Amino acid sequence: MAPEVLMELVGVWKTYRMGEVEVPALKPTDLKVYRGEILVILGPSGSGKSTLLNLMGGIDQPSGGRLLYEGQDLSKVGDNRLTAYRRHHVGFIFQFFDLISNLTVTENVALGAEIAGRRGAFAPILENLGLAGKEGNFPSQLSGGEQQRVAIARALAKEPDLMLCDEPTGSLDFRTGLLVLQLLHRASREMGKTVVIITHNTPIGKMGDRVLYMRDGVIDRIETNESPLDPLLISW
Ligand SMILES: Nc1ncnc2c1ncn2[C@@H]1O[C@H](COP(=O)(O)OP(=O)(O)OP(=O)(O)O)[C@@H](O)[C@H]1O
């Protein structure tokens, strides 16, 4: 069966203006992202990885080109529709997380789910992330790694179709990073979620169905993994 296209970029480009200077962060780019796949994005610092991810997530608007999500052109919709897209379809996992300081762990995660209109139980998610027993803590009563895991739980509790992860293991120790990758792996394999991961850790590419290499604002190449690995079999 042919893979289903979830998102398609057609000639999408992004230039940032810094005073007089224009920075071509992403040159015209074509890309198809398939439903349920794990797509790992690698490339040197400044090559346009985050720009690409932010455009996919509707955090930023392209300077030109068409960005189709389930066939709908996001580059043409207004702010309200873009906010609705982010709210209902996208889960973001960033290295820097913004938990709400006067809400507990459970409340922060519940907020993520409620905003997206989800009512699923998230106790298993917290347990999976090693946060059982911390449900009533406020962010200031957690370590950095624990706060990162709460942010991940919040993204997972939304049950988004598309999970966009920028250095999801960046600030975590190896064991916790592995837990996160296992959850993302399961989200793809068991729940059919589409997972896009930016990383500087090349070995993480082995868990991807495809690995996309960025260079100077262009996609240098895309490699398909015939046998993507379970994160348990990867070390970095
Ligand atoms: N908001 C912005 N304003 C101006 N320039 C920007 C902005 N965001 C990114 N850039 C520039 O666009 C280029 C691509 O940046 P981007 O963050 O996409 O790279 P990256 O591959 O994700 O890098 P890193 O691995 O360091 O996170 C860089 O030259 C960067 O300086």
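Let me begin with one pair of residues: Met163 has Val195 in β8 as its bridge partner, and it belongs to a set of five bridges that join β7 (residues 162–166) to β8 (residues 194–198), two strands that run parallel. Strands here are DSSP runs of E with at least two residues, helices are runs of H or I with at least four, both numbered from the N terminus, and two strands pair if DSSP finds at least two bridges between them.

What we are looking at is a predicted model, in which local features need pLDDT of at least 70 and side-chain atom pairs count only at pLDDT 80 or more, while totals for chains, interfaces and linings use all residues. Residues are numbered from 1 along each chain as its sequence is written. The chain averages a pLDDT, the predictor's confidence in each residue from 0 to 100, of 91, and the complex is given an ipTM of 0.96 and a pTM of 0.90.

Coming back to the sheet, it is open, with six strands in the order β6-β7-β8-β3-β9-β10 and mixed pairing; the edge strands, each pairing on one side only, are β6 (90–93) and β10 (218–224).

Now to the ligand, where a residue is near if its C-beta atom, placed from the backbone, lies within 6 Å. The residues around the ligand include Tyr16, Lys49 and Thr51, and the elements giving two or more residues to this shell are β1 (5–18), β2 (21–34) and α1 (49–56). Which element gives the largest share of the shell? That is α1, with three residues.
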